[in-house]
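User: I would like to learn how to read a structure like this one feature by feature, with the general idea before each case. Could we look at it together?

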Amino acid sequence: MMTIGRCAGLTALALIAVVALSGCDGGGGVTPAQTGLVSGTIVHAGTGLPLGGVEVTIGGRTATTNASGQFTVSGVPVGQQTVGIQVDPARGLVLPPGVDITVNVVAGQTTQLSAPIHLIDTVDVPPSPPS
């Protein structure tokens, strides 16, 4: 009988140690989210049609727009982040020059961009001034 009591005591002690460690940032504790999500839509500036297959990078995380031009980037670090757009060069689309898109990412929340991102044809990009 002594063996059973000793095993039960050791099991309880081991369980307490696991619970204590998980609460000390051992992986099982509840900590505030340090990332959020960003959602939006990308369209062609001239036609207003949605653009699928466009890569959107925010805070080092990337997503691709669906056929409706919509995207959601998950795991984005909290705080002010810059939105990067990558399009296959063969499509001839770019973000207009001088347009910088930033978003404030809130922990544990989805931030919806307030307006669609408009891409233009590369032929519409004004030439650079002479140097």
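Analyst: We will go through confidence, overall make-up, the sheet and the nonpolar core, in that order.

User: What kind of model is this, and how are residues numbered and values counted?

Analyst: This is a predicted model, in which local features need pLDDT of at least 70 and side-chain atom pairs count only at pLDDT 80 or more, while totals for chains, interfaces and linings use all residues. Residues are numbered from 1 along each chain as its sequence is written, and side-chain values use heavy atoms, with hydrogens and water left out.

User: What is the mean pLDDT, and where does pLDDT stay under 50?

Analyst: Where pLDDT is low, the predicted coordinates should not be read in detail. The term pLDDT stands for the predictor's confidence in each residue, from 0 to 100. Here the protein has a mean of 81, with 75% of its residues at 70 or more. Over residues 6–32, however, pLDDT stays under 50, and for this stretch the model has 5 contacts (heavy atoms within 4.5 Å) beyond four places in sequence.

User: How many helices and strands are there, and in which order do they run?

Analyst: Helices (H or I, at least four residues) and strands (E, at least two) are DSSP runs, numbered from the N terminus. The protein has 1 helix and 9 strands, and from the N terminus on the elements run α-β-β-β-β-β-β-β-β-β. Among contacts between residues at least 6 apart in sequence, 62% join residues at least 24 apart.

User: Which strands make up the open sheet, and how do they pair?

Analyst: Strands of a sheet pair through backbone hydrogen bonds, either parallel or antiparallel. Two strands count as paired if DSSP finds at least two bridges between them. In this case an open sheet of 4 strands has the order β3-β2-β5-β7, with antiparallel pairing. β3 (61–64) and β7 stand at the edges with a single partner strand each, so one side of each is left without a neighbour in the sheet.

User: Which residues stand opposite one another in these pairs?

Analyst: β2 and β3 pair over 4 bridges, with Ile58 opposite Arg61 in β3; in their hairpin, which has 2 residues between the strands, Gly59 takes a positive phi near 60°. β2 and β5 also pair over 4 bridges, and here Glu55 stands opposite Gln86, while Thr57 has Gly84 as its bridge partner. β5 and β7 are joined over 4 bridges, where Gln81 stands opposite Val103 and Thr82 has Thr102 as its bridge partner.

User: Which side chains of β2 are buried, and which are not?

Analyst: In a regular strand the side chains alternate between the two faces of the sheet. Buried means under 20% relative accessible area, exposed over 50%, and partly exposed in between (1.4 Å probe, protein chains only). Along β2, Val56 and Ile58 point to one face and are buried, whereas Glu55 and Thr57 point to the other and are not.

User: Which residues have the most contacts inside the largest nonpolar core?

Analyst: In soluble globular proteins, nonpolar side chains tend to be buried together. A nonpolar core is a set of buried Ala, Val, Leu, Ile, Met, Phe, Trp, Tyr and Cys residues joined through side-chain atoms within 4.5 Å. The largest one here has 20 residues, and Ile42, Ile58, Ile85, Ile117 and Leu119 have the most contacts inside it. Elements giving two or more residues to this core include β1 (35–44), β2 (55–58) and β9 (117–121), and the largest share, 3 residues, comes from β4. Leaving aside residues up to four places away in sequence, Ile85 touches Ile42, Val54, Glu55, Val56, Leu95, Ile117 and Leu119.
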